[in-house]
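Here are some short questions with worked answers. Look at the structure before reading on.

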Amino acid sequence: MRVRQGVLDRGAWFLVLPALVPILVLSVGPLLYGISLAFTDAQSGRTRATQWIGSLNFRDLLHDTLFWESFRIGLVWAFGVTVPQFLLALGLASLLNQGLRLGWLARALAIVPWAMPEVVVGIMWRLVYHPDAGILNETLRSVGLGDGRDWLGGLGTALPAVIVVGVWAGLPTTTVALLAGLQNTPRELHEAAQVDGAGAWRRFRAVTWPALRPVALAITALNFIWNFNSFALVYVLTSGGPGGRTRLPMLFAYEEAFRYGQFGYAAAMGCVMVAVVAVCLSVFLAGRLTRGAES
Amino acid sequence: MRDGRGRRGVPVGVPRRTAHPGSRVVRRAGRAAQYAALLAYLAFLAFPLLWLLSTAFKPPRELGSSHPTWIPRDPTFSNFRQAFDEQPLLRAGLNSLLVALAAALIAVLVATPMAYVLARRRTRLARAVSGWVVVSQAFPFVLLIIPLFLLLKNLRLIDSPAGLVIVYVVWALPFALWMLTGYVRAVPRELEEAAAVDGAGRLRTLVSVTAPLLAPGIAATAMFAFVTAWNEFFFALVLLKTPERQTLPVILTHFIGAEGVADLGPLAAASFLATLPSLVVFAFVQRRITGGLLAGAVKS
C-alpha cells in the first residue's frame, strides 16, 4: 500500500537539497578541483598565475624515489595493520561470543581506543615506548629481555613499533563489528552442524563465515583504506622519522603541500594514492563478487 | 548474545555424541586457553591506558627515574596545573567544544531529511549518494584539503572556527547519512502508512510518528559527529594558525617540542583531560553507534 507517494516526491528535493548542496559545493567540487590541480604548477603564496602543465607532476613523481619509498612504507603499514587486526579481531570476536566471564569488560574497554583522539593515542604510546621513562623497556628489563631500546627512534624498530600502535587503535572497533556479525549467524544452523558432528573448523567454514562475510569484507576494506590514508597517529608518534622510515604517503604529501607549498605536486600524490586504493579495492571487490556468485 | 538457551545449545531430545575418554579434560583445557587469550587481550588494551594515567600523576622526580614504576609513589596533581600553565588548554577546550557542537548540530540538521529520502526511495539520486558515501571514504584528505584551503582562503575563512565547522560538517556528512539511513529503515513504513490512512498529512506523519521514533538515532548520530570533530587533527592542523584559535588535539602536539622532547607529566595530564569528553559521550551511546554503523553497512 503506497499512500501519498506523490507528495514525498515533490517534497523530496526540499528535503534533499540542504545536504546535497554542501556535498556538491564542498566535497565533490573540491575533489574534482583537487584532481585538476594535479595538472598545474599551483603553489602557495605565489603571485604569478597558476599554469596548466599537463602530466609534468606525474612524470616528476615517477622519478621521485622518496615518494615511492613512502608509498612502499604506506603499503607495508596498511597491510601490516589491517591483516593482523582482522585475524586477531576474528579470534577475539569468537572468543567474546562464547559468553566468557570477563567478556563484558573487554567490550566496555573496547570503546576507549575508539573514543580517544588519535593524537592522544600517539602521545600515550610515545610514553609507553619512551627509552628511559617508558614502561615497555622497564617490563622487558624486568624479565631479562632487552637493554633499553629507543623503539620509535631506531631505524629498524620504528615501523614495526608504529604498526603495533595502529593495530592497538583499530582492534576493538574491528572486534566489535565482527562480534555483531557473529551474533547474526543463525544459531540453529550451528546446532544442526554440531549434531551432525562437524568439527569447529568445518562449522566455521560452512556456517559462520558465509554469514559473517559481508561485515568482514566491509570492515577490512574500510580499515585498509583508512590505514593507507592515515596521518595523525604516525605524525604524533614519529613525524615520519627516523630517516623517513615511517613517512607514510599522507605525511609526505602534507609536507609537500603545507611545508613547501607545492600544491600541484601534492595533489598529484593524492591522485596516485587514490588510484592505488581503487585498484586494491576493485581486486578485493572482484574477489567478493566471484565468490558471491559461487555460493 | 546469551539468549537463555543452553550454553552448548544442544537441542533437547537429541542424544549427545558419546564422549570419548579425556574429552572433559580437553574441554577444560580449551576453556583455560580461552581465558588466557581474553586476559592477554585485556592486558594489551589496558596497559597503555594505565601507563598514561600513571604518568599523569607522577611528580617530575619519579618521571626522571630510569626505573619507572606502575604506581606513583608520590601521586600529585601538579602535572595538571603545569599543563594549564604551559599551554592555553582551557581556551583550546572551549574552541574544540564550540566547533564540535556546531558541526554536529548542522550535520544532523542537514543530513536527517536527506537520509529519510534515501531510506524510503530507491531513486537514482539515492544510489548516487550511497555510492558517494562509499567513495568518499577512499579519498586521501590531501586531495580535499588543498582545494578547500584555497577556497576558504578566498572566503577569508582560514584560521577561523567557522571555516573548520564547514569542513567538519562536510566531513561528517557521509557517515551521518550512512547511520541515519539505517535508523530510518528501522522505522517500519507500515506505521507511517497507518497514520496516513488515518488521515494525517505527510508532514504530520513525519513530525508525530517518524520523528519520535528516529530521535534516539539522530541523537546517536549527532554524538558520533561531535566526537569525530572533537578528535579531529589533520584539518585543524592545516586550517588554524593562531594558537588562541587552535583546538585541543593541535594544542596537545605543542607539548612535544621541535626535537621531540616532551615534558612527560603535563603531556600525559593534558592528554588524559582531552580524552574525557568523548569518552563520556561514547560511554552513553556506544551500543547505538555500533548498531547504527552496522545497520548502515548490512542493510544498504
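Q: Where in chain A is the place of A:Val25?
A: This is a predicted model. A:Val25 belongs to a run of residues 5–37 in chain A. The element with that range is helix 1.

Q: Is A:Val25 buried or exposed?
A: The relative accessible area of A:Val25 is 51%. The cut-off for exposed is over 50%, so A:Val25 counts as exposed.

Q: What is the accessible area of the nonpolar surface patch that A:Val25 helps to form?
A: A:Val25 shares this patch with A:Trp13, A:Leu17, A:Val21 and A:Leu24. Taken together, their accessible area is about 480 Å².

Q: Which residue in the loop between helix 10 (232–237) and helix 11 (249–259) of chain A has a positive phi although it is not a glycine?
A: The residue in question lies in that loop and has a phi of about 50°. Its relative accessibility is 43%, so it counts as partly exposed. The residue is A:Ser239.

Q: Is B:Arg156 buried or exposed?
A: B:Arg156 sits in the loop between helix 6 (141–154) and helix 7 (161–186) of chain B. B:Arg156 is not a glycine, yet has a positive phi of about 55°. With a relative accessibility of 74% against a cut-off of over 50%, B:Arg156 is therefore exposed.

Q: How many helices does chain B have?
A: Chain B has zero strands. From the N terminus on, its elements run α-α-α-α-α-α-α-α-α-α-α-α. The number of helices is twelve.

Q: What percentage of the residues in chain B is buried?
A: Buried means under 20% relative accessible area. Chain B has 300 residues, and the buried part of them is 51%.

Note on methods: Residues numbered from 1 in each chain as written. Chains lettered and ligands numbered in written order. Predicted model: local features only at pLDDT ≥ 70, side-chain atom pairs only at ≥ 80, totals over all residues. Heavy atoms only, no water. Helix = DSSP H or I, 4+ residues; strand = E, 2+ residues; numbered from the N terminus. Buried < 20%, exposed > 50% of the residue type's maximum accessible area, 1.4 Å probe, protein only. Patch = residues over 30% accessible without salt bridge, like charges linked within 9 Å, V, L, I, M, F, W, Y side chains within 5 Å. Areas by Shrake-Rupley, 256 points an atom, 1.4 Å probe, with all protein chains shown as cover. Salt bridge = Lys/Arg side-chain N within 4 Å of Asp/Glu carboxyl O.
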